[in-house]
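Good morning, and thank you for making time for this presentation. I shall take a few elements in turn and describe how each one sits among its neighbours.

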Amino acid sequence: MSRAALLVLADGRFPAGGHAHSGGAEAAVKAGRITDAASLEEFCRGRLHTGAAMTAALAAAAALGVDPTGLDRAADARTPSPALRVAARKLGRQLMRAARATWPHPELDALAQRFPKGAHQPVVLGLTARAAGLGPEDAAYCSAYEGVSGPATAVVRLLGLDPFDATAVLARLAPELDRVAQDAVDAARRAMTDGVDALPARSAPLLEIGAEVHAGWPVRLFAS
Amino acid sequence: MTAPGGVRATAAIVARGDGRGGTSLPVLEGEGPLALRRTRGSGTEARVMLVGAMSGPLGGDHFTVDARAEQGAALWIGSAAATLALPGQDKAAARYDVRLTVADGAELHWLPEQLISAHGSDLYVGTRVDLATSARLVLREEQVLGRTGEEPGRLTSRLTVRIAGRCVLDQELACGPGAPGGWDGPAGLAGHRAVGQLVVARPEFATAPPAARVLADGAAVMPLPGPAALVTAVAPDALRLRRLLDAGLASLC
């Protein structure tokens, strides 16, 4: 594997459109549930152990070569909010464009053809890692980190939070992120033999409900 | 893991169309804490109540309910009282499995009262629903974290719904002491002490899916990737949660 390829894929400036999404932070700020660095940290911690743990496992499974169509269905079943399913496919399509230009690979071409409107982003991310010569751990780390770095960056803009404080939140979450990424890889390996039911399905009720509330706003800063 | 000393109890229900527009119950077998009573149904429907003959589940217990609505059946299952998860003597976890199967043309209402997670308890609930293509379902699950003013126990609840073999919903809720971090934070429950899910599946949704809708700040109707919809709600208490889920069900009718 190439450590440099991991940096390219994990770079927030990788042109895959993630900056337009707040990971539910915009709705939580508006509802008064995120007001400072401490509540941002609890928000990110909750997201890390639910949605991000799930996407990390999906990405790791895709990187291991588990059938992406089955993974896409598993992602659908684990994403009851239609607004979040739409966002995940939109992000998947944007990542696919960047990935095919960056690391051309027949498996990416096949996935793009199978899902012209976009597959779930973590499935695309896992296959992208594969195309870049990276492994399931790398895919899991990228996905889990995105799951918390997106909201942290968004809250800097939404609340005018000090970027140093937001980054410190991410650093404090690092040990938990290590465990989540490792658990995701373990679950992905079980999915190789036991099927996609072995993947985690932990949900965060207010993320799902908040996504639907957010989708109904006429004006918003972030797409989700 | 459940402890060897805990109570094992199983309830089995099979409902079948009786060929005269009604529903018969060829199997109605409960035991111990899972006693079953047939109550007066309305018209074509058979009604069954789960009657808690003992308290629990306590730590170490393992309960299983298996209900099948076969062709032509209309089956309604409720419970006489809330289920109270309590700690056992040896700190072991408890487990409650629910298996629901609905055949083509059959209908199941699974509407038990709340599950209350008492302080010190540790319960895993696994609910697995398998629906045939033209099966109909109304399912409600409500989790209440602690009795009034009480810290909750640990509760993990996984709900999967399959329609014609395809999984349309797989979600797990984990809360209470020892649950992964952030469960009560701004992404999870944010201090709400009641959370619930209501699933409605109907073959008509395949051609006319229900619209997504926000019912309140803490409740939304969400069409699933299949002919089914989920109402998810959080509320300060069980009473307000029930109102939100009732409103969600009414909006789907």
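I begin in chain B of this predicted model, where strand S6(B) is joined by 5 bridges to strand S9 (residues 107-111), the two running parallel. Within that pairing, B:Leu75 has B:Leu108 in S9(B) as its bridge partner. S6(B) also pairs with strand S4 (residues 46-51) of chain B, again in the parallel sense and over 5 bridges. There, B:Arg47 stands opposite B:Trp76.

Which residues cover the two faces of S6(B)? On one side are B:Ala74, B:Trp76 and B:Gly78, on the other B:Leu75, B:Ile77 and B:Ser79, and all are buried. Because 6 of the 6 residues of this strand, residues 74-79, are buried, S6(B) is largely enclosed by the rest of the structure.

Next, a sheet in chain B. This is an open sheet of 7 strands in the order S2-S1-S5-S8-S11-S13-S14, with mixed pairing. Its edge strands are S2 (23-29) and S14 (166-175), each of which pairs on one side only. From one strand to the next, the twist averages 10°. Inside this order, strand S11 (residues 122-131) and strand S13 (residues 154-163) of chain B run parallel and are joined by 10 bridges. One partnership to locate on the display is that of B:Tyr124 with B:Thr156 in S13(B).

I turn now to helix H1(B). Its 15 residues, 238-252, should span 21 Å at 1.5 Å a residue, and the end C-alpha atoms are indeed 21 Å apart, so expectation and model agree. The buried residues of this helix are B:Leu241, B:Arg242, B:Leu244, B:Leu245, B:Gly248 and B:Leu252. Viewed down the axis of H1(B), they fall within an arc of 165°, and therefore line one face of the helix. The face turned away from that buried side carries the exposed residues B:Leu239, B:Arg243 and B:Ala250.

What do the buried residues of H1(B) pack against? Their partners are five elements of chain B: strand S12 (136-145), strand S15 (194-201), strand S16 (213-216), strand S17 (219-223) and strand S18 (228-235). At the N-terminal end, H1(B) is capped by B:Asp237, which places a side-chain oxygen 3.2 Å from the backbone nitrogen of B:Leu239.

One residue facing this helix merits a closer look. B:Glu142 belongs to strand S12 of chain B. Is its position buried or exposed? With a relative accessibility of 3%, B:Glu142 counts as buried, since buried means under 20%. Its side chain makes a polar contact of 2.7 Å with the side chain of B:Arg242. Neighbours within four places in sequence aside, the contacts of B:Glu142 include B:Leu241, B:Arg242 and B:Leu245. Also among them are B:Pro112, B:Glu113, B:Val195 and B:Gly196.

I close with chain A and helix H7(A), residues 121-131. Of its 11 residues, 10 are buried, so H7(A) is largely enclosed by the rest of the structure. Among those buried are A:Gln121, A:Pro122, A:Val123, A:Leu125 and A:Thr128. The buried residues of H7(A) pack against helices H1 (3-10), H3 (37-64), H4 (68-77), H5 (82-102), H6 (106-114) and H8 (136-159) of chain A. Following H7(A) comes A:Gly133, with a positive phi near 80°.

Definitions and conventions. Residues are numbered from 1 along each chain as its sequence is written. Chains are lettered from A and ligands numbered from 1 in the order in which they are written. This is a predicted model: local features need pLDDT of at least 70, side-chain atom pairs count only at pLDDT 80 or more; totals for chains, interfaces and linings use all residues. Side-chain values use heavy atoms; hydrogens and water are left out. Helices (H or I, at least four residues) and strands (E, at least two) are DSSP runs, numbered from the N terminus. The expected span of a helix is 1.5 Å times one less than its number of residues. Buried means under 20% relative accessible area, exposed over 50%, partly exposed in between (1.4 Å probe, protein chains only). The arc is that of the directions from the helix axis to the C-beta atoms. Contact means heavy atoms within 4.5 Å. A polar contact is a pair of N or O atoms within 3.5 Å; within protein, one must be able to donate a hydrogen and the other to accept it, and residues adjacent in sequence count only if both atoms are side-chain atoms. Two strands pair if DSSP finds at least two bridges between them. Axes are lines fitted to C-alpha atoms, for helices over the stretch in contact, and angles run from 0 to 180 degrees between N-to-C directions.
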